[in-house]
Amino acid sequence: MDKRQRSSTKWFKSWKFITIGIIVIIALILAGISYYQATRFNSKIMINDTKVGGLTADQVITKLKTSKLTNRVYVGKQQILDEKDTTMAFTDKDLPEVKKLLKKQWSFFPSLKEKTYSLIPKKADQFRSQTMKKQIEEKLLSMNKRLKAPKDAKAKLEHGKIVISRSINGEKYDVASLLKDYEKQDYKSDIHLKPVYKQPIKEDSSIVKNEEIALQELLQRTIDYKVQNKVYPLKASELIKNASVSKDIKVTISVSDIKTKIDEINRSQSTLNKNFTFKTHSGSVISVKGQGYGWAINVEKETAMIQEAFVKGEKSISASNIYGNGWSNEGIGYETTTNNGIGGTYAEVSIAQQRIWIYTDGKLALTTNVVTGKHSTSEDTSPGVWYILYKRPQYTLRGSAVGKADYAVKVNYWAPFTNSGQGFHDASWRTNWASNAYLTAGSGGCVNTPPSMMKAVYDNLSTYDPVVIY
């Protein structure tokens, strides 16, 4: 082996040792880096806004135990809450969760990438999760009272046409959404909530479409309104002018011509305080004003009832709110449609002829002379169309007469027809039954009937029968 070969071999051995040394050094460095990275957090890592870069899991849990929460809350740039500082509620029991984060953020080589992790202690912090959350909710609700609310788009009926109002954005906060955001940031020191506002219902929403459908259905409805034996078709499209729909799709009618229509029907068909056309026993036709007898529609109540019927989609309805001058303000004669509202069963009293005629089902049942109220003292029996209030046998009449002391007399039969106390009764004390007796020797207003005829009169009268006096 010459000199050159020996030199080459020596160099090769030296380079081999150097290479092995370098590899060992690199391996040691990599092992050190790997160990360091496996046991410590990267430099830009934060947990709950606390810097933990370069710390081991044990060091992190120690730091979290003593870290303070400033408890400041912002909505956007506006600070809404600034509570006293509190200590995070971490304990050694949370160490396993810290170690999990350590593995999660691990990278073989040190990383400068910023990452923030959220970690909730096992032992709940009631101040943050309950007390402070409630304070934020109350603060937001208080702020909302002063802020403009969004205006929903709505389908409405206006002046008989369906229109859809435009939605308008408001300033009120969506409290529920902000509280959910808060729960996600429970252990950040300064809590920044992104402003979220209550959103109005938009014009193209299914809610508005359903409102529009409900109004269209309303306008297509017709109700057959029955008053006595007459039926009036009431069309929603003609009568309902304004209506709205609630969120549960319930229609409310606010302005309509229903009242006008019912008032028109009432004026044309009712009999209360109107003159009845009446054909007397002799065949002559006279006009007699309704007094106790007669009926009318309560327009206000019927309007409300019909509006509700339209809302419910009812097809037909009968008048049910009837009133009059009856004993209990009831409308008498509503069920009677024949003989111009008088019917075929009634009592006819002629003051001029001092006679009564009682008809049953259109046929004369009986007639008799009578004595009516004393004309000279203006105690006349009251003209008009009345009705039999009730019937009583063996009754004591009590009252007074002009120029006489109060009286109490017994009668065998009593059938009053006015609230003031006029009625049919027998008068066993009367001796003057002349046709002109009523002028100066009449009764105190009642229709005195001969005792021999009173039972027949009584038997042929029924409660609510009309009594026509002229």
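The paragraphs below lead through helices, strands, hairpins and aromatic pairs of this structure, which is a predicted model.

A convenient place to start is helix H4, which covers residues 126-145. H4 has 20 residues, and the distance from its first C-alpha to its last is 28 Å, close to the 28 Å expected at 1.5 Å a residue. Agreement in span does not exclude a local change of direction, and H4 bends by about 30° at Met132. Met132 is also one of the buried residues of H4, together with Phe127, Arg128, Ile136, Leu140, Met143 and Asn144. An α-helix has 3.6 residues a turn, so residues three or four places apart point the same way. The cover over the buried residues of H4 includes strand E3 (68-69), strand E4 (72-75), strand E5 (78-82) and strand E6 (86-87), and helix H5 (175-184) and strand E10 (190-193) are also among the elements that cover them.

From strand E6 one can follow these surroundings residue by residue. Thr86 lies in E6, and with a relative accessible area of 15% it falls under the 20% limit and is therefore buried. Apart from neighbours within four places in sequence, Thr86 is in contact with Phe127, a buried residue of H4, and also with Ser67, Lys68, Leu69 and Asn71. The C-alpha atoms of Thr86 and Asp125 are separated by 9.7 Å, although the two residues are 39 residues apart along the chain. Ser67, for its part, is placed in the loop between helix H2 (57-66) and E3, and Ser67 is buried, with a relative accessible area of 10%. With neighbours within four places in sequence again left aside, the contacts of Ser67 are Thr50, Thr86, Thr87 and Met88.

Thr50 leads on to a sheet, since strand E2 comprises residues 50-51. This open sheet has three strands in the order E2-E1-E7, with mixed pairing. E2 and strand E7 (115-117) are its edge strands, each pairing on one side only. Strand E1 (residues 45-47) and E7 run parallel and are joined by three bridges, with Met46 standing opposite Thr116 in E7.

Antiparallel pairing can be followed in three hairpins. Strand E11 (residues 222-227) pairs with strand E12 (residues 230-235) in the antiparallel sense over six bridges, and Tyr225 has Tyr232 in E12 as its bridge partner. Two residues lie between E11 and E12 in this hairpin, and Gln228 in the turn has a positive phi of about 55°. Strand E15 (residues 275-279) and strand E16 (residues 285-289) likewise run antiparallel, joined by five bridges, and Phe276 has Val288 in E16 as its bridge partner. The hairpin of E15 and E16 has five residues between the strands, and Gly283 there takes a positive phi near 100°. The side chains of E15 alternate: Phe276 and Phe278 point to one face and are buried, whereas Asn275, Thr277 and Lys279 point to the other and are not.

In the third hairpin, E21 and strand E22 (residues 363-369) pair in the antiparallel sense over six bridges, and Arg355 stands opposite Asn369 in E22. E21 and E22 have two residues between them, and Asp361 in the turn has a positive phi of about 50°.

The aromatic side chains give a further view of how parts of the chain are linked. The count comes to twelve aromatic pairs. One of them joins Trp327 and Tyr390, whose ring centres are 6.1 Å apart and whose planes stand at 80°, so the pair is edge-to-face. Trp327 is in the loop between strand E19 (322-323) and strand E20 (346-350), and Tyr390 is in the loop between strand E23 (384-387) and strand E24 (392-399), so that the pair links distant parts of the chain, 63 residues apart. Tyr346 and Tyr359 form a stacked pair, with 5.1 Å from centre to centre and 20° between the planes. Tyr346 in strand E20 and Tyr359 in strand E21 (residues 355-360) are 13 residues apart. Tyr346 is buried, with a relative accessible area of 8%, and Tyr359 is buried too, at 12%. Ring pairs link Tyr346 and Tyr359 with Phe278 into a cluster, and Phe278 is one of the buried residues of E15.

Charged side chains also meet rings. Lys391 lies over the face of Tyr458, at 4.4 Å from the ring centre, and the charged end of Arg430 sits over the ring of Trp433, 6.0 Å from its centre.

Terms used:
Residues are numbered from 1 along each chain as its sequence is written. This is a predicted model: local features need pLDDT of at least 70, side-chain atom pairs count only at pLDDT 80 or more; totals for chains, interfaces and linings use all residues. Side-chain values use heavy atoms; hydrogens and water are left out. Helices (H or I, at least four residues) and strands (E, at least two) are DSSP runs, numbered from the N terminus. The expected span of a helix is 1.5 Å times one less than its number of residues. The bend at a residue is the angle between axes fitted to the seven residues ending there and the seven starting there. Buried means under 20% relative accessible area, exposed over 50%, partly exposed in between (1.4 Å probe, protein chains only). Contact means heavy atoms within 4.5 Å. Two strands pair if DSSP finds at least two bridges between them. Rings of Phe, Tyr and Trp (its six-membered ring) pair if their centres lie within 6.5 Å; planes under 30 degrees apart count as stacked, over 60 as edge-to-face and the rest as tilted. A charge sits over a ring if NZ of Lys or CZ of Arg is within 6 Å of the ring centre and within 35 degrees of the ring normal.
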